[in-house]
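Subject: Structure for your review

Dear colleague,

Please find below the structure I promised to pass on to you. My findings follow directly after it.

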Amino acid sequence: MNEDVFNGSIRRFLKTLGVTAQREIEKAVRQALAEGKLKGNEKLPAHATITLGGIGFSHEIEGEIELE
């Protein structure tokens with residue numbers, strides 16, 4: 001295994017994941033605000049799961065997203 005290729009590949013994946021997830025979360029929160037589903041001062045529980053096919057790997061992350 002080439003460590004440089006491996007690490008670069010992981011970083012590219014995580015960068016894409018982060019940028020895409022942030023964009024989608026922002027869109028969903030703005031829509032919920034526009035529809036009156038949120039007031040704008042909430043703390044929203046967040047959950048993410050990353051899986052790797054072929055090796056049975058799964059990692060879960062719990063957190064919170066604050067709007068104010």
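A nonpolar patch on the surface of this predicted model is formed by M1, F6, I10, F13, L14 and L17. Together these residues offer about 600 Å² of accessible area. One member of the patch, F13, belongs to helix α1, which covers residues 3–34. F13 is partly exposed, since its relative accessible area is 48%, and residues count as exposed only when that value is over 50%.

Helix α1 also contains E24. The relative accessible area of E24 is 42%, so this residue is partly exposed. From E24 to N41 there are 17 residues in sequence, and the C-alpha atoms of the two lie 19 Å apart in space.

As to the overall architecture, the chain holds 1 helix and 2 strands, and their order along the sequence is α-β-β. The radius of gyration is 16 Å, whereas the globule rule gives 11 Å for 68 residues; the chain is therefore more spread out than a compact globule. Along the principal axes, the C-alpha atoms fill a box of roughly 50 × 20 × 20 Å.

The surface and contact figures for the whole chain are as follows. Of the 68 residues, 7% are buried, where buried means a relative accessible area under 20%. The accessible surface of the chain amounts to about 5900 Å², and carbon and sulfur atoms contribute 55% of that area. Among contacts with a separation of 6 or more, 27% join residues that are 24 or more positions apart.

Turning to the strands, β1 spans residues 43–52 and β2 spans residues 57–66. The two pair in the antiparallel sense, over 10 bridges. Within this pairing, I50 stands opposite H59 in β2. In a regular strand, side chains alternate between the two faces of the sheet. Between the strands of the β1 and β2 hairpin there are 4 residues. In this hairpin G54 adopts a positive phi near 90°.

Which residue in the hairpin of β1 and β2 takes a positive phi, should you wish to check the backbone there? It is G54. For the side chains, F13 and E24 may serve as points of reference on helix α1, with relative accessible areas of 48% for F13 and 42% for E24.

With kind regards

Definitions and conventions:
Residues numbered from 1 in each chain as written. Predicted model: local features only at pLDDT ≥ 70, side-chain atom pairs only at ≥ 80, totals over all residues. Heavy atoms only, no water. Patch = residues over 30% accessible without salt bridge, like charges linked within 9 Å, V, L, I, M, F, W, Y side chains within 5 Å. Areas by Shrake-Rupley, 256 points an atom, 1.4 Å probe, with all protein chains shown as cover. Salt bridge = Lys/Arg side-chain N within 4 Å of Asp/Glu carboxyl O. Buried < 20%, exposed > 50% of the residue type's maximum accessible area, 1.4 Å probe, protein only. Rg over C-alpha atoms; globule rule 2.2 N^0.38 Å. Contact = heavy atoms within 4.5 Å. Pairing = 2+ DSSP bridges.
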